[in-house]
Amino acid sequence: MQAFTLPDFYVPYPARLNTHVERSRAHSMAWAKEMGMLDAPKPGGGLVWDETALARMDYALMCGYTHPDCDGPTLDLITDWYVWVFFFDDHFLEEFKHSRDLEGAQAYLDRLELFMSDSPPEVSNPAEAGLKDLWERTVPAMSEGWRRRFVTSTRNLMAESMWELENIDRGRIANPIEYVQMRRRVGGAPWSANLVEYVSAELPDVLAGERPITVLSDTFSDAVHLRNDLFSYQREVQEEGENSNAVLVFERFFGVPTQEAAELVNDLLTSRLQQFENTALTEVPGLLAGRGAPPHEQAAVAAYVKGLQDWQSGGHEWHVRSSRYMNEGAVPEGLPLGPTGLGTGSLRQVVSTGKQGLRGWAKQHSHVPFQPVGHLPLPGFHMPYPVRMSPHLETARRHGVGWAREMGFFDSVPGVESGGLWDERRFRGFDFAHCAAMINAGGNSEQVDLSADWLAWGTYGDDFYPAVFGASRDLLGARLCTERLIQFMPLDDDQPVLVPGSPLERALQDLWRRTAGPMTRQGRQLFRVGVEKMLAAWEWELANQAQNRIPDPIDYVEMRRSTFGSEMTSALARMGSMDVVPQEIYQHRVVRELETAALDYAAFTNDLFSYQKEIEYEGEAHNLVLVVEKFLDVDRLTARDVVADLMTARMRQFEHLADHELPALLAARPDLTPEAQAALTRQADDLKEWMSGILEWHLRCVRYTEAELKRVHENPDRRAPDHLPTGLGTSALRAHLPASVSR
């Protein structure tokens, strides 16, 4: 019996089949035999694959569905790549996952990576033979930028297999956020997206790293993996003892039966597909227009989008038909089920897709803003790290008020004229110095002042963008404001800078001078990218607000790190160690997960405290409690508990990484100098203080209390004037008018 009944899938694009499938079936069978894949023994006896097994799995059919328009030789090459990647997965399972041979697995993966080079070693197994052959047949036709992206994707899907193996060895089930992040790397779909480029058109290298393009790749990848997890649950979890499967992750985290977990995974799959569509239709055109992309680059991006859509539909069709998966009840289009006859198979697909798609759309677009929700009772917090306090707290408090006054934070500004955005009473209640004195407890007086001022600027900007640009849906004004702000962060000392025209610009100019002055150009670049990501994330929030759209859960979590300024904080943390720590170490799973776990804990802390402020008084849709409410269709208290559970899961993960995996990583890297090892250990300790300090600040800050919210938002004198021009772009104009114009 199947483990669960497969849900109704959202498949908005029809699957089409390449006419060269039979040719590629014959070719791939011969190629696998030539590479030795049909003779590879299992350690306990038998073969990993034989001809019958490979024929049943039918990777040529998969590639014929996922790449319906390419010619025969291209389909042969693509099919060989998929034969290789599935053989690698099954061979690794037999050789290392069953035996829990961690050391042997790492040596196997390290050696396999050498075959993506111009001078590979001698082949010693079928996986190496296949990769060597494919590399030589593929990369000569591609650019250096594509090769770099493809090597990264291939390395990830091989190297991150160790994460799966280590979890099996520990009997550990990942938390949902960790799972999605890691599955994206180990699952191979980003690698599939690279092969879509090979078939359709290469992405322009200048665009490949931009948010709209990376979101296309990430949503494609997540949808591919979530769909695969649904179809492969029975084989992986019940037969092979795997624990890297989204259905199992949801079962354990939410404490629900398998069927309910499968439905939740399918809802997330639908959400990711609809995020793909939203990005392709709203963000990609803006990116191309903003960059002035020439016609051939626009055509390449369009071909890439179409290629990813074809892959989604074709991949679904193959899962429905392949013997590799549990697919009873997922009847392929055109096979008998209920009414039969011309067109009824297509009709059934349309009805199923329409129901699931409408359900997903309603979750994201049915929110009514400014609903009274009342104070959200706080849950218990798992915080294992103590708070430390700087002796410079009182000095920083005095400095902060004077600095904010000097920058104009208490003045009326165009767009928020009556009473200004903040007043001095509010600022003193925010007490950014208190937060800075805990997250930078070991810093000197000047450093604590600077930390407090950055906190003040970031929070002022976070309030400024929705107040000035949100209600008017002035996305152009926000874009112009961001472009001006970026110019106040020059990389070179002799670069001309604009004259500041607002408190936001004046404060950033001052902060950049005080922060970037001692930095190298590389350090300035890294830090500026962190600030730019925060500014872009504020614009992303405005775009969602203009659509009355609650974000997709994964997109929200990943963008929350930017809206909260976490990446800016992370960049600052690296400044002191840039000369001693190799930058590639920050891409290692342990360091990367350590950092994102801490960033999520802090950001979710803020969402719990700010729920009433954002939902009831500001009409916001960017709060994880609300996102969970809508996605799971639960009340706010249940959603609160889910958020608290996510925080605890991320903290538990952080604890294990800091206490066990980081020391193990440092011990396994003798190439790291003592200074580098000390810097990485210190960074982990700094993150502990950062999390505990942020939680303590929220517990004591008046910003989120109901009394302060009523004082500020229910004051009838705080009204915007109606005599200034309104419309597209006008808020950007008002932002640079003298304050006296509005009085």
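## Cysteines without bridges

Let's start with the cysteines: the count of disulfides in this predicted model comes to 0. As a reminder, a disulfide is a covalent bond between the sulfur atoms of two cysteines. How far from C63 is the nearest cysteine sulfur? The sulfur in question belongs to C70 and is 8.5 Å away, and C63 is in no disulfide. A pair of sulfur atoms has to lie within 2.5 Å to count.

Is C63 buried or exposed? With a relative accessible area of 0%, C63 is buried. C481 also counts as buried, at 8% relative accessibility. The cut-off behind both labels is simple: buried means under 20% relative accessible area.

## The overall build

Now step back and look at the whole chain. The secondary structure comes to 32 helices and 0 strands. The radius of gyration is 27 Å, close to the 27 Å that the globule rule gives for 743 residues, so the protein is as compact as a globular protein of that length. Along the principal axes, the C-alpha atoms fill a box of roughly 80 × 65 × 50 Å.

Of the 743 residues, 59% are buried. Contacts tell us about the fold too: among those with a separation of 6 or more, 76% are between residues 24 or more positions apart.

## A covered helix

C63 brings us to helix α3, which spans residues 59-66. How many of the residues of α3 are buried? The count is 8 of 8, so to speak a helix that is mostly covered. Its buried residues include Y59, L61, C63 and Y65.

Which helices do the buried residues of α3 pack against? They pack against α1 (21-35), α2 (51-57), α4 (72-97) and α15 (295-321).

## Empty space inside

Rolling a probe the size of a water molecule over the atoms shows where empty space is left. Here the count comes to 7 cavities of 30 Å³ or more. The largest has a volume of about 530 Å³. Its lining is made of 32 residues, and the closest to the centre are F86, D89, R183, G187 and N228. Helix α4 gives the most to this lining, with 8 residues, while α8 (161-170), α9 (176-186), α10 (189-199), α12 (211-239) and α15 are among the helices that each supply at least two. By class, the lining of the largest cavity holds 14 nonpolar, 8 polar and 10 charged residues.

The second largest cavity contains about 330 Å³ of space. Of the 19 residues that line this second cavity, P176, I177, P553, V557 and L646 are the closest to its centre. Which helix gives the most to the lining of the second largest cavity? That is α28, with 5 residues. Other elements that give two or more residues include α9, α13 (246-254), α24 (553-563) and α29 (636-667). What classes do the residues of this lining divide into? They divide into 17 nonpolar, 1 polar and 1 charged.

## One serine and its neighbours

Finally, zoom in on S271, a residue of helix α14 (residues 258-291). S271 is buried because its relative accessible area is 6%, and buried means under 20%.

Which residues does S271 touch, not counting those up to four places away in sequence? S271 touches Q364, D552 and P553. The C-alpha atoms of S271 and P551 are separated by 9.2 Å, although these residues are 280 residues apart along the chain. P553 also appeared earlier, as one of the residues closest to the centre of the second largest cavity.

Methods:
Residues are numbered from 1 along each chain as its sequence is written. This is a predicted model: local features need pLDDT of at least 70, side-chain atom pairs count only at pLDDT 80 or more; totals for chains, interfaces and linings use all residues. Side-chain values use heavy atoms; hydrogens and water are left out. Buried means under 20% relative accessible area, exposed over 50%, partly exposed in between (1.4 Å probe, protein chains only). Helices (H or I, at least four residues) and strands (E, at least two) are DSSP runs, numbered from the N terminus. Contact means heavy atoms within 4.5 Å. On a 1 Å grid over the protein atoms alone, a cavity is a set of points where a 1.4 Å probe fits but cannot get out, and a pocket is an open set with protein on both sides within 12 Å along at least five of seven lines; lining residues have an atom within 4 Å of a point. Grid points are joined across faces, edges and corners, and a volume is the space filled by probe spheres set on the points. Ala, Val, Leu, Ile, Met, Phe, Trp, Tyr, Cys and Pro count as nonpolar, Asp, Glu, Lys and Arg as charged, and the others, Gly among them, as polar. The radius of gyration is taken over C-alpha atoms; the globule rule is 2.2 Å times the number of residues to the power 0.38.
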